[in-house]
Amino acid sequence: MTTEAQAIPCDLLIEAGWVVPVEPHAVVLEAHAVAVRGSRILEVLPVAEARARYAPAETVSRPDAALIPGLVNAHTHNPMTLLRGIADDMPLMEWLQGHIWPVEAAVIGPQFVEDGIALAIAEMLRGGTTCANENYFFPDVQAAVYKRHGFRARVGLPVIDFPTAWAKSSDEYFDRAGEVHDLWRDDPLVATAFAPHAPYTVSDANFERIRMLADQLDLPIHLHTHETAQEVVDSIKLHGQRPIARLDRLGLISDRLIAVHMTQLTDAEIELCAQRGVSVVHCPESNLKLASGFCPACKLERAGVNLAIGTDGCASNNDLDMFGETRTAALLAKAVADDAKALDAFRALRAATLGGARALGYESRIGTIEAGKQADLVCVDLSQLETQPLHHVVSQLIYATGRHQVSDVWIAGRAKLRERVLVDIDVAGLLANARQWRERIAAI
């Protein structure tokens with residue numbers, strides 16, 4: 001037995017009623033602890049052994065909680081929290097072209113992006129999300145805000161075939177992308193990805209340029225594609241090919257591709273994605289709300305495609321609730337596959353954690369609770385009446401738990417939420433900013 005004098009120092013010991021490491025798959029460790037030093041996990045072991053082995057600077061004991069890896073929101077437009085609810089109950093292109101783009105044209109700028117992301121970070125932390133795959137304009141501002149709040153993110157470098165407040169020409173999009181990437185290339189929390197908007201807004205020449213630069217810089221490519229049936233019809237008319245075939249011709253169907261939505265897929269396209277290592281981000285609530293279609297999540301997963309989960313932006317969802325999104329993904333997968341076994345609770349949690357980490361290229365850092373990984377961790381209180389009686393921990397997490405049950409959150413070993421209280425975030429200031437933006441947008 002380790003004596004007190006021999007005890008191993010660590011910064012944090014989290015004791016939980018249950019640890020759900022995600023890897024190994026379908027394992028729940030009862031009465032276990034996680035020892036953390038600096039930003040990394042030292043060890044996962046039974047509580048009694050942890051108390052004997054470690055001398056922590058801080059101990060957090062949560063005997064009625066499950067400790068899970070931080071949730072990874074694998075596709076979001078977080079500045080759009082400020083557009084929550086402005087254009088509901090209409091189809092995608094009417095919503096986008098008739099409402100969202102005109103409002104954005106009037107308000108988009110560095111302050112809009114900064115305030116929207118700050119609001120989103122607070123919402124995500126209170127819901128157990130510790131990492132976001134961001135897709136919006138002004139990535140320089142995005143990166144700075146994520147870094148200031150100690151939040152893990154992969155920030156998209158936008159490319160679109162028309163002028164915006166961010167860039168006026170293709171060359172400017174690429175020049176500014178290179179500048180932002182260079183600023184953040186070695187940061188431990190914030191990284192970049194190319195974020196061409198969609199096949200219908202990006203030319204062949206720009207896709208080819210993205211592919212070349214992504215290979216050179218070793219970056220993922222974060223892309224909306226096969227989101228609606230109309231997108232596929234229009235691609236055949238304009239290019240003579242479905243979007244995936246066109247992207248394949250241009251060399252983009254590879255393990256760099258983070259393909260978002262993917263509601264319109266043939267079996268051959270699913271097999272191609274599996275063979276090439278494409279990651280698919282399922283955004284079920286946005287797709288349902290915009291009536292865009294149904295991602296065949298079960299077929300993709302069973303074919304071997306890495307499946308991740310994203311909320312999309314608050315303008316189309318209308319929240320950043322990854323617990324709710326994961327529940328919807330699991331239930332919808334069963335209905336679409338006509339199979340009650342499709343995307344079971346363990347696999348759904350895996351998609352929301354390790355699946356997202358793999359999509360972002362972060363699987364060696366986050367997504368599971370293992371020694372050596374970053375301590376991005378979430379405690380979920382299962383003692384509340386909504387999750388009692390507790391027969392099956394992971395079933396309760398997926399099918400019964402609400403985000404209000406997240407009690408504690410750490411990113412890289414640093415506390416971000418303590419007993420439901422956000423750490424170092426001015427909630428009153430966020431609310432005041434949100435009200436100011438509501439008034440400004442209402443006056444447009």
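## Exercises on a predicted model

In this predicted model, 6 of the 6 residues of strand E6 are buried, so E6 is largely enclosed by the rest of the structure. The exercises start from this strand.

**Exercise 1. Determine which strands pair with E6 and in what sense, and identify residues that stand opposite each other.**

Solution.
- Step 1: Locate E6, which covers residues 129-134.
- Step 2: Take the pairing with E5. E5 and E6 pair in the parallel sense, over 4 bridges.
- Step 3: Find the opposite residues for this pairing. Leu71 stands opposite Thr129 in E6, and Val72 stands opposite Cys131 in E6.
- Step 4: Take the pairing with E7. E6 and E7 run parallel and are joined by 4 bridges. Here Ala132 has Ala153 of E7 opposite.
- Step 5: Check the burial of E5, residues 71-76. Since 6 of the 6 residues of E5 are buried, this strand is largely enclosed by the rest of the structure.

**Exercise 2. Describe the largest pocket: its volume, its lining and the elements that contribute to it.**

Solution.
- Step 1: Read the volume. The largest pocket holds about 490 Å³ of space.
- Step 2: Count the lining. There are 31 lining residues, and those nearest the centre of the pocket are Leu96, Trp101, Glu104, Phe137 and His197.
- Step 3: Assign elements. Two or more lining residues come from each of helix H2 (92-107), strand E7 (152-159) and strand E8 (190-196). H2 gives the largest share, 7 residues.
- Step 4: Sort by class. The lining has 20 nonpolar, 8 polar and 3 charged residues.

**Exercise 3. Carry out the analysis for the second largest pocket.**

Solution.
- Step 1: Read the volume, which is about 410 Å³ for the second largest pocket.
- Step 2: Count the lining. The second largest pocket has 22 lining residues, with Arg154, Asp218, Pro220, Leu360 and Gly361 nearest its centre.
- Step 3: Assign elements. At least two lining residues are supplied by each of helix H5 (170-184), E8, strand E10 (257-261) and helix H13 (345-359).
- Step 4: Sort by class. The lining of the second largest pocket has 9 nonpolar, 4 polar and 9 charged residues.

**Exercise 4. Decide whether Asn306 is buried or exposed, and list what its side chain reaches.**

Solution.
- Step 1: Place the residue. Asn306 belongs to strand E12, residues 306-309.
- Step 2: Apply the cut-off. Buried means under 20% relative accessible area. Asn306 has a relative accessibility of 17% and therefore counts as buried.
- Step 3: List the polar partners. The Asn306 side chain makes a polar contact with the side chain of Ser279 at 3.0 Å. The side chain of Asn306 also reaches the backbone oxygen of Gly355, at 3.0 Å.
- Step 4: List the contacts, leaving aside neighbours within four places in sequence. Asn306 is in contact with Val278, Ser279, Val280, Gly355, Arg358 and Ala359.

**Exercise 5. Classify Leu238 as buried or exposed, and state how far Leu238 lies from Asp408.**

Solution.
- Step 1: Place the residue. Leu238 is part of helix H7, residues 229-239.
- Step 2: Apply the cut-off. Exposed means over 50% relative accessible area. Leu238 has 67%, so Leu238 is exposed.
- Step 3: Give the separations. Leu238 and Asp408 are 170 residues apart in sequence, and their C-alpha atoms are 50 Å apart in space.

How values were computed
Residues are numbered from 1 along each chain as its sequence is written. This is a predicted model: local features need pLDDT of at least 70, side-chain atom pairs count only at pLDDT 80 or more; totals for chains, interfaces and linings use all residues. Side-chain values use heavy atoms; hydrogens and water are left out. On a 1 Å grid over the protein atoms alone, a cavity is a set of points where a 1.4 Å probe fits but cannot get out, and a pocket is an open set with protein on both sides within 12 Å along at least five of seven lines; lining residues have an atom within 4 Å of a point. Grid points are joined across faces, edges and corners, and a volume is the space filled by probe spheres set on the points. Ala, Val, Leu, Ile, Met, Phe, Trp, Tyr, Cys and Pro count as nonpolar, Asp, Glu, Lys and Arg as charged, and the others, Gly among them, as polar. Buried means under 20% relative accessible area, exposed over 50%, partly exposed in between (1.4 Å probe, protein chains only). A polar contact is a pair of N or O atoms within 3.5 Å; within protein, one must be able to donate a hydrogen and the other to accept it, and residues adjacent in sequence count only if both atoms are side-chain atoms. Contact means heavy atoms within 4.5 Å. Two strands pair if DSSP finds at least two bridges between them.
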